Amino acid sequence: MPTAGKTYHVTTFGCQMNEHDSERMKGMLESLGYTEVEERSLADVILFNTCSIRESADNRFIAHLGEAKRLKSEDPTKVVGVGGCWAQSVKEEVFERFPFVDVAFGPGQIPKLAEFLTSDSITAQGFFEFETVSGRLPMKREREFQAWVQISQGCNCVCSYCIVPSTRGREVSRPAAELVAEIERLAADGVKEVTLLGQNVNSYGRDLPKGERTTFSELLALIDAIDGIERIRYTSPHPKDMREDVIRAHAELPSLCEHIHLPLQSGSSRILKAMRRTYNRERYLERVATIRELVPDCALTTDIIVGFPGETEADFEQTLEVVDQVGYDSAFTFIFSPRRGTEAAGLPDQVPHRVKVERMERLVELVQRRAHERSQRFVGRTMEVLVEGPSRTDPSKLRGRIRHNKTVNFDGVAQPGELAQVEIGSATSTTLAGEELLLSRLG
Ligand code: SAH
Ligand code: SF4
Ligand code: F3S
């Protein structure tokens, strides 16, 4: 099929890894001569990059698919493609449930989309082997000054609630030299902030051949040395593998931001065991203590699941205790959702929905109260802000983020991509407000 002059539209669901995979999908399509259009109805190729982490993610995507079905029935020459984790988790069933879909592929099979589009095949095809790391494909970057870099694909953990190991396969790390070369190119192209992506970044490099083996903290040091990269972030570390060398790097490497996202999941050791997280409450709190000792001002954020099978009121209260004790700067909170093929979906003692909702409300209230208290420490301080653009709530103001990853809305004159010095005047649980110090601009 000729592809030049054709158009595409991609809708992305799920995590940053998926956002980044979509950048690669777009890069690949553009290298074939496709151009992106804003509206799905105008596209020759309609793509969905799906997520399956919770049932709500599945439902959101299926609601969108209805429109693709209608567009395809009006114009059968359109191609409908479904990629990503949901596609991988149901495989060929995609075509049984949605016969209008032309091509389906898992996260490890993005290049097959190009093969499909350039072949003469008119029959529906699915591609679900774990073959490639999307990080090697051409990329169409969404943001000028910030970039995601996939350091590894897949996950070797066996968290009993999680579908990701079955949708992204075993862990495969990209060699450090390849990553450094990619980030050098990004820096030359004006990127100031990189976010390193992996399901468990701390186990980065363990699968590389002997001569190329690099630890995560060594990788951080190599990236810190690249000229032009002002900020390094990463997600996610795993508490079981988060060692002192990485924590120390936050104190020692100038570009590594003062923010660690350390997923807790539960504050009850009994539930953590059933989740197969392989750390307990004490071990988690020890990690937090090391962070507080070595990087006192570090922002800490987390992920928490409520209503895991068998979670009692006493277990849940232990989660509340840890949240209170740690004082997170923010937390993503999730209601446990049974996922096909996972161990936890088949466990007895599933928690009733109304209990999950009630626990969620209590948790969110505490998370917000502690986050509000924590963010007051920024008031009165002058913070470095990477400017992202106009404020979303008030276009006369600017918006950016501090190194601790909090959003700031402020009065000032700085341009997107610049680092501004902003004096913080007030703080809520989620955002800061302030004014740019213009004196520093004159100097
Ligand atoms: N690899 C990362 C991210 C995993 S997905 C990590 O381990 O931190 C992001 C979050 O989704 C998880 O941390 C977990 O809190 C949540 N999650 C995963 N599976 C879930 C499920 N079945 N139900 C509810 N939340 C889930
Ligand atoms: Fe899922 Fe656990 Fe792997 Fe994270 S570490 S992706 S929660 S299996
Ligand atoms: Fe991400 Fe969703 Fe897959 S959270 S790894 S896109 S299941």
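**Exercise 1. State which residues surround ligand 2 in this predicted model, and describe the shell by residue class.**

*Solution.* Step 1: In this predicted model, ligand 2 is surrounded by Cys155, Cys157, Cys159, Tyr161, Cys162, Val164, Pro165, Gln199, His238 and Arg277. Step 2: Sorting this shell by class gives seven nonpolar, two polar and one charged residues. Step 3: Cysteine and tyrosine are counted as nonpolar here, and the shell of ligand 2 includes Cys155 and Tyr161.

**Exercise 2. Determine which residues surround ligand 3, and which domains supply them.**

*Solution.* Step 1: The residues around ligand 3 are Cys15, Asn18, Cys51, Ser52, Ile53, Cys85, Val164, Arg168 and Gln199. Step 2: Their classes are five nonpolar, three polar and one charged. Step 3: The protein is divided into domain 1 (7-97), domain 2 (132-331 + 340-351) and domain 3 (379-442). Step 4: Domain 1 and domain 2 each contribute at least three residues to the shell around ligand 3. Step 5: Val164 and Gln199 appear in the shell of ligand 3, and Val164 and Gln199 are also listed around ligand 2.

**Exercise 3. Describe how domain 2 and domain 3 meet, in terms of contacts, buried area and salt bridges.**

*Solution.* Step 1: The C-alpha centres of domain 2 and domain 3 lie 27 Å apart. Step 2: In this pairing, 17 residues of domain 2 are in contact with 16 residues of domain 3. Step 3: The two domains bury about 1300 Å² between them, and 40% of that area is on carbon and sulfur atoms. Step 4: Between domain 2 and domain 3 there are four salt bridges and 13 residue pairs in polar contact. Step 5: On the side of domain 2 that touches domain 3, the residues comprise five nonpolar, three polar and nine charged. Step 6: A salt bridge also joins Glu384 to Arg231, with the closest N and O atoms 3.0 Å apart.

**Exercise 4. Explain why the salt bridge between Arg141 and Asp189 ties together parts that are apart in sequence.**

*Solution.* Step 1: The structure holds 43 salt bridges. Step 2: One salt bridge is formed by Arg141 and Asp189, whose closest N and O atoms are 3.0 Å apart, which is inside the 4 Å cut-off for a salt bridge. Step 3: Arg141 lies in the loop between strand 6 (125-127) and strand 7 (146-150), whereas Asp189 lies in the loop between helix 7 (176-188) and strand 10 (193-197). Step 4: The pair therefore ties together parts that are 48 residues apart in sequence.

How values were computed:
Residues are numbered from 1 along each chain as its sequence is written. Chains are lettered from A and ligands numbered from 1 in the order in which they are written. This is a predicted model: local features need pLDDT of at least 70, side-chain atom pairs count only at pLDDT 80 or more; totals for chains, interfaces and linings use all residues. Side-chain values use heavy atoms; hydrogens and water are left out. A residue is near a molecule or strand if one of its heavy atoms lies within 4 Å of it. Domain bounds come from an automatic or database domain assignment. Contact means heavy atoms within 4.5 Å. Buried area is the accessible area (1.4 Å probe) that two parts lose on being put together, summed over both. A salt bridge is a side-chain nitrogen of Lys or Arg within 4 Å of a carboxyl oxygen of Asp or Glu. A polar contact is a pair of N or O atoms within 3.5 Å; within protein, one must be able to donate a hydrogen and the other to accept it, and residues adjacent in sequence count only if both atoms are side-chain atoms. Helices (H or I, at least four residues) and strands (E, at least two) are DSSP runs, numbered from the N terminus.
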